[in-house]
Amino acid sequence: MRGIFSKRRMTLLVLVALVAVLPLVFPSGYYYRVAALVWISALAAVGLNILMGYAGQVSLGHAGFFGVGAYAVAIGPARLGLASWICILLGAAASGGIAWLVGRPILRLKGHYLAIGTLGFGVLIALVLTSEAKWTGGPDGTSVARLAVANMRISGPTAWYWISGFVLVFGAWLALNLEDSPAGRALRALHDSEIAAALGGIDVARHKLWAFVLAAVYASIAGSELALFDGFITPDTAGFLHSIELVAMVVLGGMGSVLGSVVGAALLTTLPQLLTVFVEYEQALLGLIIMLAMIFLRLGIVPGVQRMLARSAS
Amino acid sequence: MSALAAENVAIAFGGIVAVDGVSFSVEPGNIFSIIGPNGAGKTTLFNIMSGIYRPGSGRILLAGEDVTGLEPHRLAAKGLARTFQNLQIFFRMSVVENVMVGRHLREARDLMKALFRFPSVGHQNRATREKARELLAFVGLADRADDAAGSLPYGGLRRLEIARALALEPRLLLLDEPAAGCNPVETEAVEGLVREIVRSGITVVLVEHDMRFVMRVSDRILVLDGGKKLAEGTADEVRRNPQVIAAYLGRYGSKEAARARS
């Protein structure tokens, strides 16, 4: 599985092909919108996968960083007169900075305690976004100025399909590069045994912290994308339910698999739309599908299917 | 100067004194064994030496330098490596990747270069993998390199841990019951490995229950009982020490030891 057909290159190839070819089969413009939402969620999931899938550290407050990115592009241009694209970077820097500060004490916690610690953090961010109404518009949300580059307004599903698709491929490339590097091996090692990793010379606390920071930056950029795409944002984007959704994407798709995160994001974004025909049973069916997937593909969809294929091949 | 020394090391857990004022020193290039009945404090002492526990009092010296209470990853950087009695394998990784992790400190680790995949990262990966394969060949696992670590048999996992520890290029190697759970053939293989490791210039400290193994390979032996040092000396000295015979080896044990000598 190395050389030209390494896992890293195959994954990238599949993603690039998906982004490039999908528009050919779109029957209407509506599909651009759904696909753009998938790419945006997938970016956040790929980032969270660095923390959860590689390093094995859960975050139940990750939508908090998504919210920081979203509100950065809402507040920055409207209140401070900054360009939107600068606000994307500022939001990412702020998220990374917050993650670095919060991560130091919080990542000392393990397992359930870490889950509750990060959950509290996420709730805190959502609370601030809701209550600082003067800046954020409060619980009703706020409108977001469209992205403009060189006086050209960029909006609409088609433009955002290509932007979010490109950003996702780029983000996936970075994550795959990380996986196949000393830092990536260190993260995957400490996932299984922190003590053996530490005695292998790995600074466990530092590596966890960087994974947390990276995951926060991914989520923040995804949040900025969504806000600019939708033109409107509410504190729900930073809320607990969204955090759970992000975790579900990573686990459903397959922890540690970049492609899995994309598949998880695609399912959790498109299934609710597909299931609307079942009206009141929609949510129940969604839950059932997730349950069955986890029961029959315990490793998550992508690693589970890969293993099945490998078995039938041998 | 000794490769490793303990000075009056003591630690207590909630009133129970697990290690009680133990001192010893290990000469460079030696095989130094720590033995004692269950609960004698062997593993606790190992955990202190490898930075997992901080001793309540006393000092640990690594090549003359005070390293008491240093974190494990800093001890690793100073040339200490260890294996674990209760195997600590990276089960999500392949056999060769487990050993590659051990090369961590020997690799350039610039995060930005890794993220943007500078050409040097690819070159380094290949070099690391090559080195890891050499070490797997050394412990006799060359043909399992690309298998999932979890697919190895028990004895293979023990040898994988040794390969991973050697990947660090340590000066001092702590082996925590390297032959535990191994059949006689596997134990012999481990013994051969330990001898070769010492021959390459690495000092070895080991905890082991297999008396014949210990008596055969050790330059010096430290006997612990109830957290205290009972005796220290060569295999012959320890074997003849009446206190050791009485408190630890017992009649059966001394017979075993005598048989090992012949």
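This report describes a predicted model with chains A and B, moving from confidence to the interface, a helix of chain A and a sheet of chain B.

Residues are numbered from 1 along each chain as its sequence is written, while chains are lettered from A and ligands numbered from 1 in the order in which they are written. Because the model is predicted, local features need pLDDT of at least 70 and side-chain atom pairs count only at pLDDT 80 or more, whereas totals for chains, interfaces and linings use all residues.

The model scores ipTM 0.91 and pTM 0.92. For chain B the average pLDDT (the predictor's confidence in each residue, from 0 to 100) is 92, and 94% of the residues score at least 70.

**Interface**

Contact is taken to exist where the C-beta atoms of two residues, placed from the backbone, lie within 7 Å. On this basis, 23 residues of chain A are in contact with 31 residues of chain B. Helices and strands are DSSP runs numbered from the N terminus (helices H or I, at least four residues; strands E, at least two). The elements giving two or more residues to the side of chain A that touches chain B are α7 (157–179), α8 (182–192) and α9 (194–199) of chain A. Of these, α8(A) gives the most, with eight residues. That side of chain A comprises twelve nonpolar, six polar and five charged residues; Ala, Val, Leu, Ile, Met, Phe, Trp, Tyr, Cys and Pro count as nonpolar, Asp, Glu, Lys and Arg as charged, and the others, Gly among them, as polar.

**Helix α10 of chain A**

Helix α10 of chain A covers residues 204–230, and its 27 residues reach 39 Å from the first C-alpha to the last, close to the expected 39 Å. The expected span is 1.5 Å times one less than the number of residues. A residue is buried if 20 or more other C-beta atoms, placed from the backbone, lie within 10 Å of its own, exposed if 12 or fewer, and partly exposed in between. Since 23 of the 27 residues of α10(A) are buried, the helix is largely enclosed by the rest of the structure. Gly231(A), with a positive phi near 75°, follows α10(A).

**Sheet of chain B**

Strands pair if DSSP finds at least two bridges between them. Six strands of chain B form an open sheet of mixed pairing, in the order β6-β7-β8-β3-β9-β10. Each of the edge strands β6 (80–82) and β10 (228–233) of chain B has a single partner strand, so one side of each is left without a neighbour in the sheet.

Strands β3 (residues 31–35) and β9 (residues 220–225) of chain B run parallel and are joined by four bridges. Within this pair, Phe32(B) has Arg220(B) as its bridge partner, and Ile35(B) has Val223(B). By contrast, β9(B) and β10(B) pair in the antiparallel sense over five bridges, with Leu222(B) opposite Glu232(B). These two strands form a hairpin with two residues between them.

**Positive phi in chain B**

Most residues other than glycine have a negative phi, and most peptide bonds are trans. The table lists residues of chain B with a positive phi.

| Residue | Phi | Place |
|---|---|---|
| Asn8(B) | about 50° | strand β1 (residues 4–13) of chain B |
| Arg117(B) | about 50° | loop between α4 (111–115) and α5 (119–139) of chain B |
| Gly226(B) | about 55° | turn of the β9(B)–β10(B) hairpin |

Asn8(B) counts as exposed because it has 12 C-beta neighbours inside 10 Å, whereas Arg117(B), with 17, counts as partly exposed.
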